[in-house]
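Student: I would like to learn how to read salt bridges and cavities in a structure. Could we go through them together with the model in front of us?

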Amino acid sequence: MLKPDTLALTVVLALLTALGPLSTDMYLPSLPAIATGLRATTGQTQLTLSAFLLGFAAGQFFYGPISDRIGRKPVLLFGLALFTVASLICAFAPNIETLIGARFLQALGASGPIVLGRAIVRDFYEGPRAGKELSRMGTIMGVVPAAAPILGGVIERISGWRVTFAVMILFGIAMAAVISLRMPESIRKKSEVPISFGAILRGFRLLLGHPGYRTYVGLSMLTYGGLFAFISGSSFVLQKIYGLDELSYAFSFTFVVVGFISGTYLAQHLVGRRGLDGTIQLGVTCLAVGGATMLTLVLLGVPSSLGISAPMAIYGIGVGLTMPQSMASALMPFPERAGAASSLLGICQMTFAAIVGILLGGNLDASAIPLPATIATTGVLALALFLMTSRARGHQPKG
């Protein structure tokens, strides 16, 4: 069985949290081809990403609170099964409307493993150790978004985008087998709160009453919002405006992935000395610098795609430093409600990112400027939020 403080458990949890990046990044090089093949507009095709995030947010409403009540493992298996079935529908989608709907359903399944991966970390670890574990998971997970666009580009060249979803099906089946056979139940004490819509809302209201929780959720929202802007918009900007082909785009996407992996690696070594907030401070600074640099280079008319990709690597470092520590800090005050706290964090994060993606999607055809403007805005706002909330972050919970 998988045990705490082992590399095997870290790898499995990392792969669970990688389900989201796998579901988005691997088909990014195929977005223009999907638009052509299904006779869809750029905005319609981009909705397959935003629908995924909306489904992801909706699914997280239930997974955490239900897992607090009945346990992590059965809820994990349900989510993986739903993800696998939805991926099958995606693979055979006859039109863009079906693909958008199937992506929403796929996200409902994918949200469970990601929510519960964070909750399991909180079940097993506390304080900076939890932040370090999330950073370790991020380092391992970073391999997926690095390899996924390249794999997706190769698949697109050889056999088309539908095979991409076949790979997702295989991944879902493999993870379900590992969880079924090797994953122990991690929850120490199951919640006695009855599962109902009203009870879930009351639990969420309690969480939002904590000023520190609100602050760290806000930091996570802004950080991921800028990252998702790049995920959803970069294929159109770099391929249509800068003229990259599928594989060139896939390799340019690795800039942000390498940055993210570097950030999570740095966080593992910094969090013990600087603490969670000290590491976040460095991270939000990178977010602001990366976003502002990208916007400046695009406004100056730099013709190379490196004007987008290189600053995004700096932003990626900020994501790796900020997000794992913000998540750990948000969950820390609530050991008995780790599932619900993880769910609400994910709902806020993904809903915000989906809104960013929808607003960005309608402005990508004519100019590259909306993409760096969005990323710069989220980065600067994350830095401002951190600097303005020292009292809230220092608020000590009752537990």
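Tutor: Let us start with one pair: arginine 129 forms a salt bridge with glutamate 133, and their closest N and O atoms are 3.1 Å apart. This is a predicted model, in which local features need pLDDT of at least 70 and side-chain atom pairs count only at pLDDT 80 or more, while totals for chains, interfaces and linings use all residues. Residues are numbered from 1 along each chain as its sequence is written, and side-chain values use heavy atoms, with hydrogens and water left out.

Student: What counts as a salt bridge, and how many salt bridges are there by this rule?

Tutor: Side chains of opposite charge can pair when their charged atoms come close. The rule asks for a side-chain nitrogen of Lys or Arg within 4 Å of a carboxyl oxygen of Asp or Glu, and the count comes to 7 salt bridges. Arginine 129 and glutamate 133 both lie in helix H7, 4 residues apart, which is about one turn of the helix; helices here are DSSP runs of H or I with at least four residues, numbered from the N terminus.

Student: Which parts does the salt bridge between aspartate 5 and arginine 129 tie together?

Tutor: The side chains of aspartate 5 and arginine 129 meet at 2.8 Å, N to O. Aspartate 5 lies in the segment before helix H1 (7-17) and arginine 129 in helix H7 (residues 127-141), so the pair ties together parts that are 124 residues apart in sequence.

Student: Is glutamate 133 buried or exposed?

Tutor: Relative accessible area, computed with a 1.4 Å probe on protein chains only, is read as buried under 20%, exposed over 50% and partly exposed in between. Glutamate 133 is buried at 0%, whereas aspartate 5 is exposed at 55% and arginine 129 is partly exposed at 25%. Glutamate 133 also meets arginine 136 in a salt bridge (3.4 Å, N to O), and salt bridges that share partners join Asp5, Arg129, Glu133 and Arg136 into one network.

Student: Which residues line the second largest cavity?

Tutor: A cavity is a set of points, on a 1 Å grid over the protein atoms alone, where a 1.4 Å probe fits but cannot get out, and lining residues have an atom within 4 Å of a point. The second largest cavity is lined by Arg118, Val121, Arg122, Ala130, Leu134, Met327, Ala328, Leu331 and Met332, with H6, H7 and H13 each supplying at least two residues.

Terms used. On a 1 Å grid over the protein atoms alone, a cavity is a set of points where a 1.4 Å probe fits but cannot get out, and a pocket is an open set with protein on both sides within 12 Å along at least five of seven lines; lining residues have an atom within 4 Å of a point.
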